[in-house]
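Got your viewer open? Let's take a walk through this structure, one selection at a time.

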Amino acid sequence: MEKASSQECPYPGCFFCVMKEGNPNKRRSCILKFFRDLPSQDDDGQVLPISGLWNTAMAHPNDPEFIDLGIFECMSALIWKGLKNRRWLSHDQNIYIPYYAAHIIGSYTMNMEEFAERAVEAGVIPPLVELLRGRLTWVEQRVAVRALGHLATYPSTFSSVASHGEILELAIQLGMSSLEIVYSHFYQFPDRRLSYHCDLLTRGMGGVEMESRKAEEWASQLQCWSLQLINCFAFKSEFLPALCKPEFLVSLPVMWGGLVNENSPAGIGLLRTICQHKLGRGPVSSCSGMMEALCNIARSSDDWQYMAIECLLWLLQDPNTSHKVVDKAVPTLVDLAEITNLGDHKKLGDSIVSVLQECDSVGSRSRELIEETVNVRQRLKWEKSMPKEDLHIKQAAALVVKLEGNSLFSSGDIAGAAEKYSEALSLCPMRSKKERVVLYSNRAQCHLLLQQPLVAISDATRALSLHNPVNRHAKSLWRRAQAYDMLGLAKESLLDAILFINECSQSNDPDLSMRQNKVPDYAERLVKKQMRAAWLFKEAALKHGGVHRKGEEREVYGNESDDSEWETASESDIGDDGRDHMGLDDEEEEEEVEGHGEKWKNREKSSDKTEKTSSKGMRHGYSIKLAEEDM
């Protein structure tokens, strides 16, 4: 059997034949010999076994078989060979090998500290650092920073990574410039793209549009993995001076995984680590524009909202930074003070109120807002001792005033309606959260129409914080999306608009439900607009010029022709932006809330079924495709 097998394969020592070997001892010795000899060979077809190892490493990253037989030494030697021998690199398909080798190192060190220790002993760090420097291309930089990030994660191997002093600075530079690098070196000129880059991106399964889409995903990963590597250094206070330079700090809030890489906390994750240190909080509090950015993330429906909230709380609790940030942080935290749980973070609202009560040296407006928040808590305690009949009277009075507000709204007296909703909120029992959600949301609609986007965002955020589950009240999401749009906050508007569409797809409300599974026209238009405005390569395109497509005279900025994500949505010529499309949370909905009718119950059951689903899944639930972890 063995003779026949060896005669069938024309390549002596073929890796694939070795893997079929049934004798464990012979198989082991053959694999050992293969890893030892491969870097010194110049035969054609070397990329085939390397790509096979790449597949194996991704499928079985915790399997120790190859670790014990010298795979790290082999991959390290292959990277060095590619760096030092350009003639070999350009021969056959060897250009792929450094990429695969670095990726294999990253996959095997992803989960197992023991494997990471073996990798460091095998000398993988120096060749990875050379790739990180950009000695080849951005594609190899991407897998190098991924592998180094895994090695830096473990206590036993971090010092080996940190001993290469240039790694942190290289990662910072790459984090700041990664999008520009990928755009100018690949995305901008489709006809100049290196063929092996295209093959790696699409696995030979797509054309120019697929390449461009995958390039956005990989560019985001390059940035996010750079931040992940930097984050490992940020836990050590001795590295904070290098991290806390204003030009780097100010860029962190705008670094996000985008719609293609939602699993990474990106810039806000690194900011959170920095803010845990006293040495980090000072530079963050002094950084121009930082507080506004943190407040926007803290209010948003982003998966990493809690990280921004924690940053604000730590900055307020630090006596050295509190006076710098208090008047900017308080309005945002007050809007979030009635959040109960946010994912795994329990009683977050209680933590917010506790910190707010300790604030001193605040401005008059901030003091009023804090007192208002404390009074809300006291009112809730007071109402617990009230007779139920008195609570029902208060609730009925609030409903009457709310209906008066609806009437004023219908007659065009928007300011008068907003005042009535405020009066209804003062009457409504604190534990009647569903009714208060409606009142805040209706008042947000009024402020939206009165061209007061900041106040509309505040009210919509309060409604979303009160709602159960948090951040899932459809009409408040839509109203806040429009308010963000008025302020030019594209990312925040986009996230709310997509969550709104998800809620529409699950709602029984006839104003919201999507007919024939189509996105409402007004929502489709806003999402398309914000996807272009929040385009990952927007800044790079403004700096370097638009995409030059063969045969086209004009430059294309953004994904102007790529509407495939929304191809199921119907186009509409109606000029409606959705601002008046849904109207208020009307009497019908109020009756459902008040009477706890079947329609509301069904809706609540639907919410309960998905409550445990994080917003990272919800964010992309309709037509937005999730990206693979990495390739």
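## First stop: a tucked-away arginine

At 13% relative accessibility, Arg-281 counts as buried, because the cut-off for buried is under 20%. Keep in mind as you go that this is a predicted model. To find the spot, select residues 278-286, which make up helix α19, and pick out Arg-281 there. Now show what surrounds it: setting aside neighbours within four places in sequence, Arg-281 touches Ile-274, Cys-275 and Gln-276, along with Trp-314, Leu-315, Asp-318 and Thr-321.

## Next: an alanine in helix α4

Jump to residues 47-59, helix α4, and select Ala-57. Is Ala-57 buried or exposed? Ala-57 is buried, with a relative accessible area of 0%. Which residues does Ala-57 contact, leaving aside its neighbours within four places in sequence? Add Ile-104, Ser-107 and Tyr-108 to your selection, and you have them. While you are here, draw a distance from Ala-57 to Gly-106: the two are 49 residues apart in sequence, and 8.9 Å apart in space, C-alpha to C-alpha.

## Then: the salt bridges

Side chains of opposite charge can pair when their charged atoms come close. How many salt bridges are there in this model? The count comes to 27. Here are a few to click on.

Start with Asp-68 and Arg-118, whose side chains meet in a salt bridge at 3.2 Å, N to O. Asp-68 sits in helix α5 (residues 65-68) and Arg-118 in helix α9 (residues 113-121), so this pair ties together parts that are 50 residues apart in sequence. Switch on the surface and look at both partners: Asp-68 is partly exposed at 38% relative accessible area, and Arg-118 is partly exposed too, at 28%.

Move on to Asp-496 and Arg-480, another salt-bridged pair, with 2.7 Å from N to O. Asp-496 belongs to helix α30 (residues 490-506) and Arg-480 to helix α29 (residues 474-487), so the bridge links parts that are 16 residues apart in sequence. You will want the surface off for this one: Asp-496 is buried at 0% relative accessibility, and Arg-480 is buried with a relative accessible area of 0%.

For a pair within one helix, select Lys-528 and Glu-524, where the salt bridge spans 3.1 Å, N to O. Why are Lys-528 and Glu-524 separated by about one helical turn? Because they are 4 residues apart in helix α31 (residues 521-533). Lys-528 is buried at 12% relative accessibility, and Glu-524 is buried with a relative accessible area of 2%.

Salt bridges can also link up through shared partners: select Glu-130, Arg-133, Arg-135 and Glu-166 together, and you are looking at one such network.

## Last stop: a positive patch

Bring the surface back and colour it by charge. Which residues form a positive surface patch? Select Lys-381, Lys-384, Lys-388 and Arg-431 to light it up. Zoom in on Arg-431, in the loop between α26 (414-427) and α27 (433-449). Arg-431 counts as partly exposed, at 48% relative accessibility. Compare that with the arginine where the tour began: Arg-281 is buried at 13%.

How values were computed
Residues are numbered from 1 along each chain as its sequence is written. This is a predicted model: local features need pLDDT of at least 70, side-chain atom pairs count only at pLDDT 80 or more; totals for chains, interfaces and linings use all residues. Side-chain values use heavy atoms; hydrogens and water are left out. Patches are made of residues with over 30% relative accessible area and no salt bridge: like charges are joined within 9 Å, nonpolar side chains (Val, Leu, Ile, Met, Phe, Trp, Tyr) within 5 Å. Accessible areas come from the Shrake-Rupley method with a 1.4 Å probe; for residues, only the protein chains shown count as cover. A salt bridge is a side-chain nitrogen of Lys or Arg within 4 Å of a carboxyl oxygen of Asp or Glu. Lys and Arg count as positive and Asp and Glu as negative; His and the chain ends are not counted. The place of a charge is taken as NZ of Lys, CZ of Arg, CG of Asp or CD of Glu. Helices (H or I, at least four residues) and strands (E, at least two) are DSSP runs, numbered from the N terminus. Buried means under 20% relative accessible area, exposed over 50%, partly exposed in between (1.4 Å probe, protein chains only). Contact means heavy atoms within 4.5 Å.
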